[in-house]
Amino acid sequence: MDNKIKIRFTEEYGEYLRDESRQVGFADSISFVKSEEEIISVLKENYANKIPTTIQGARTGLAASSVPFGGHVINLSRMNKVNGIRYDEVNDKFYIKLQPGVLLVEIRKYLANKSFITDGWNDSSKNALYHMKKGEWFYSTDPTEISATIGGMVACNASGAKSFRYGSTRDHIQSIRAVLSDGDVISLRRGEVISDGRLFSVTTEGGRIISGRLPKYEMPNVKKNTSGYFNKLNMDIIDLFIGSDGTLGVISEIEIELNKKQKSNWGITIFMPDEDKALDLVRALRGEKIFCDRNAINLNPSAIEFFSHNALDMLREQQRVNPAFATIQEIKENYHTAIYIEIEDDSDDKIWAGVEELGEIIVKLGGDEDATWVANNPTNLEKLHSFRHACPECVNMQIDLIRKSDSRITKLGTDMSVPDNKLKDVMKMYNDGILENNLNAVIFGHIGNNHLHVNTIPRDMDEYNRGKELYSSWAEKIVSMGGAVSAEHGVGKLKVPFLQKMFTKDKIDDMRKLKKLFDPDQLFNRATIFPYVESKGVK
Amino acid sequence: MKIIVCIKQVPGTNEVKLDPATNTIIRDNIASIINPFDTYAIEEAVRIKEKMGAEIYGLSMGIPSSQEMLREAISLKVDKAMLLTDRKFAGADTLATSYALSLGIQKIGDYDLIICGKQAIDGDTAQVGPSLAKTLGIAYITDVSKIIEIKDNIMHCLKITDDGYEELKVKLPALISVVKEINMPRLPSIKGMKHARQAKIEIVTFADTDANENKLGLKGSPTKVRKTFVPTHEINSEIIEGTTEEKVNRLAEVLNSKAIRKGM
C-alpha cells in the first residue's frame, strides 16, 4: 500500500466487517486514523485511485451504515480526544469540541466528574472548564447504546428516550468539520451557511465553492426522522451533513451543546389495565386535552416510553427463569401495559404538583395510582433504568439463543415514526400484524413521539421471512400515514428498500445528485441510503 | 401482629469521596436515602402484613430531616413512624444507638417482631441489630435470607452463613436482621406517596423519655475508632499447567483433597 496508515485487510480485522445489525461486508484495506491530517491523506489517495470508502465509528449502528461494501474502511475509533470547551457568555452555554471517536459513555463520564484530559487545550478552553466546574451540565442526547461514538450519533442523527423533550442529536450540534472525498475540508458552524430557498453555496477550506439546489421532496411531519437527507427551504447546511449516514464526508470534529442539569430528576412507571387506556394516558402526558372537563397535565416529561403487554410477559418469564433478571422489579399479574416517564425540574415540589395531577388522570382513565413505581432519587431511578434496558437485553439474549440453531436468523426491529394523530392507528397496525402472522414479538420504545420499536424474535426461518414481509408492508402504511421509515437508526444499508417506499425514484435520484456535489465519484459509504449502482472507473 | 422496622438515613451514593485534608466523607450535594439494607427490612415487614395482617412501625434515630425518610417508609406501606431526635442523642456509637432505639421501642410497646437491615452502608458495623436485641432482652437472628413461616408465635426462617444456610426457629418477640437475598424491595406508588405526605410522624425527644443521659449520644459511646480495614477472605487459587494428562491428574488430586470434601 502506498499510504502507510492503510493496512491490508486480513482475517484479524474480521470484526470491522460487521456492526450491531449483524450484517457482514467485505473490504480490501482499513485504516485507524488518529487525526484530520491522516483522514485527508487516506482520502486523497482513495480519491486518486477511485477507491470506495466506508466510514466507521464504534460499529454500534443497527442499519449497517458502517458495514463495508468493498474498498477501504476508515475507522475513527482512535480519534477520541476532547479538543476543548467553549463558553458562550451571552447565552450562558457551554460547548465541547470533540473528535468523532469519543464515546457517549465517555462524554457522560467527563461531565459527571468534571474532569478532562486537557493536553493541547488553549487558555480559553481551560478557562471555560474552570467556569464549567461551578455548575452541573449534561449532554441531553441519550440513545440506549452508550458505547456509540459521537461521530456515529451525528451520522445517523441518533436520538433516545429524552428526545421527547430535548430533540435529537441535530438539535445540539453547533459546528462540524468534515473531510470531503477529495481530501478538501468543509467547516460548518450553525447559523453561518443558510440556503436561499433551495439554493445553497458553501466554500471549502481549499477555496472551492460548492453550490447547488436542494431537492424538492418534503420531509414527513414527524418529530423523529432520519430517512434520507434533511431538506427544507432556507435550511442550515450543517443539517445536511447531520443524519447523512456518512455519505457526504468524514466528520472530523464536532462541537456539542450542553444543557444545564436540573436539580430534580424523577422516573415513574405506570401500569394501565389495557393498551387503549395506556395510549390515552400518553396523549394526556404530552399535553393533549383528553377530557373535556379538565385541563391537560402540567408535567412536561423529558421522556415517554412504552412497554406492550407481551413485553411485560416476556420480562415476567425471564424474571422467573433467568437469574440475570432477578433484580428487576416484580411485575404483578394484573399489570397489562406500562408507560414510563422521566421528569426533570428545579425542585421536587414542582414535580410533585404534576404527579398529583397525573394520579388523578390515571384514576379517571380506569387505572390505579397504586399500580405505579415512583423513583425520586438516583438509586431508585437506576432501578427503573435497569427495568427499561431489560427489554432490549431480553430480546437480544433470546435472539442469540435462536441463532445458535440457525445463524441466518437476526432480530427484526422497526424504527418508524408517525405524526401524533396516527398513534392509535399505528398501534393497531402493529398489533394486528403480529396477531395475524402469529409472530413472537414485543413492542417498546419512544411512544411520546409515536416512535416504537417492534422487536420480532423469529422462531425459525419461516417466521423470519414472514416478519420481513410484514415489516415491508408496514413501511408502506407508515408512509401513507405521513410517517418516517427510519426515525433514529439511519437508513444505512438495511433500510434502502424502505426509503424507496417513502420517496419515488426521481426524489431519490435528486438526493443522489446532491451527494454527487460533495462526493462526485460516490466513493463514500457505498450502498448506504442509495441502492448500489456501479460507477465508471470506481473499484 | 405488630412489627417494628428500624431504619437509618445514609448518604445516597456508592462513590464515597473523602476530603483529603480531614479524611471525612464529603456530604455536599449528596441527597440522603434510606439505608439500602433497611429497604429489605421494610419490604419483608410489608410482605408479612400483606400475607397475614400486621401493623408496621418505622423507627429511626437521627436529625430532624430524617422525617422525610420515614415519610418515604410510609409511602412503602409502613403504617406509623417515630423519629428519636435530640442533640443529646447525637454522636452515638452502636451501643448508644441501640439504647436510644430501645427507648422508642418501649414507647411503641407490645411488639412481636423487630426487623433491621443487615448493616448500614455508611458505618458497615452490623452491630445495632444484635445490640438492640440484647438491650431489650429478646432473641435475635442475624442475616436472615428467608422467612419460611410464622405460626403460633414461632418464626421459622433461613439464615445465610459463609458455608450455606441454617434453618432456625425462634419464639416471638424476637429481632431479625435481613440480607438482600430476602426479597426485592418495591418502589413507592403515587398513591403511597400521597398518603405519606399527609401522615404524621411521631417525634420523640430526650424530654419525652425517662432515659439515662449517660447512656446516650457521645457520652454513652465507649467506641474508639483506632483503625478501619476491610476484612480479607483468604482464597487460594492454583493454575494447573502441564500436559493434558498431568493437568487431569492434578485436578483429580485437588478434587480428592480434604479441603474440597470437607465442603461437600
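This report describes chain A and then chain B of a predicted model, moving from overall dimensions to sheets and helices.

## Basis of the description

Residues are numbered from 1 along each chain as its sequence is written, and chains are lettered from A and ligands numbered from 1 in the order in which they are written. Because the model is predicted, local features need pLDDT of at least 70 and side-chain atom pairs count only at pLDDT 80 or more, whereas totals for chains, interfaces and linings use all residues.

## Chain A as a whole

The C-alpha trace of chain A spans about 70 × 60 × 50 Å along its principal axes. A compact globule of 539 residues would have a radius of gyration near 24 Å, and the 23 Å of chain A agrees with this; the radius is taken over C-alpha atoms, and the globule rule is 2.2 Å times the number of residues to the power 0.38. Of the 539 residues in chain A, 49% are buried (20 or more other C-beta atoms lie within 10 Å of the residue's own, against 12 or fewer for exposed and a count in between for partly exposed, with C-beta atoms placed from the backbone). Among contacts in chain A between residues at least 6 apart in sequence, 73% join residues at least 24 apart, a contact being two residues whose C-beta atoms, placed from the backbone, lie within 7 Å.

Chain A has 14 helices and 21 strands, where helices (H or I, at least four residues) and strands (E, at least two) are DSSP runs numbered from the N terminus. An unreviewed UniProt entry places the feature "domain: FAD-binding PCMH-type" at residues 23-261 of chain A; such annotations may be inferred rather than shown by experiment. That span is 20% helix and 25% strand, and its end C-alpha atoms lie 38 Å apart.

## The four-stranded sheet of chain A

Four strands of chain A form an open sheet with mixed pairing, in the order S1-S2-S4-S3; two strands pair if DSSP finds at least two bridges between them. Strand S1 (7-8) and strand S3 (53-56) of chain A are the edge strands, each pairing on one side only. Strand S2 (residues 29-32) and strand S4 (residues 72-75) of chain A run parallel and are joined by four bridges, with Ile30(A) opposite Val73(A) in S4(A). Helix H1 (residues 36-48) of chain A lies across S2, S3 and S4 of chain A, at about 165° to S4(A); axes are lines fitted to C-alpha atoms, for helices over the stretch in contact, and angles run from 0 to 180 degrees between N-to-C directions.

## The nine-stranded sheet of chain B

In chain B, an open sheet of nine strands with mixed pairing has the order S9-S8-S7-S10-S6-S1-S4-S5-S11. Strand S9 (165-171) and strand S11 (201-204) of chain B stand at the edges with a single partner strand each, so one side of each has no neighbour in the sheet. Strand S7 (residues 139-151) and strand S10 (residues 174-178) of chain B run parallel and share four bridges, and Ile141(B) stands opposite Ile176(B) in S10(B). Helix H4 (residues 128-136) of chain B lies across S6, S7 and S10 of chain B, at about 80° to S7(B).

## Two helices of chain B

The 15 residues of H3(B) should span 21 Å at 1.5 Å a residue, and its end C-alpha atoms are indeed 21 Å apart; the expected span is 1.5 Å times one less than the number of residues. Buried residues in H3(B) include Ala96(B), Tyr99(B), Leu103(B) and Ile105(B), and their cover includes S1, S4, S5, S6, H4 and S11 of chain B. Gly109(B), with a positive phi near 65°, follows H3(B). Helix H6 (residues 244-256) of chain B reaches 18 Å from its first C-alpha to its last, close to the 18 Å expected, but H6(B) is hardly covered, with zero buried residues among its 13.
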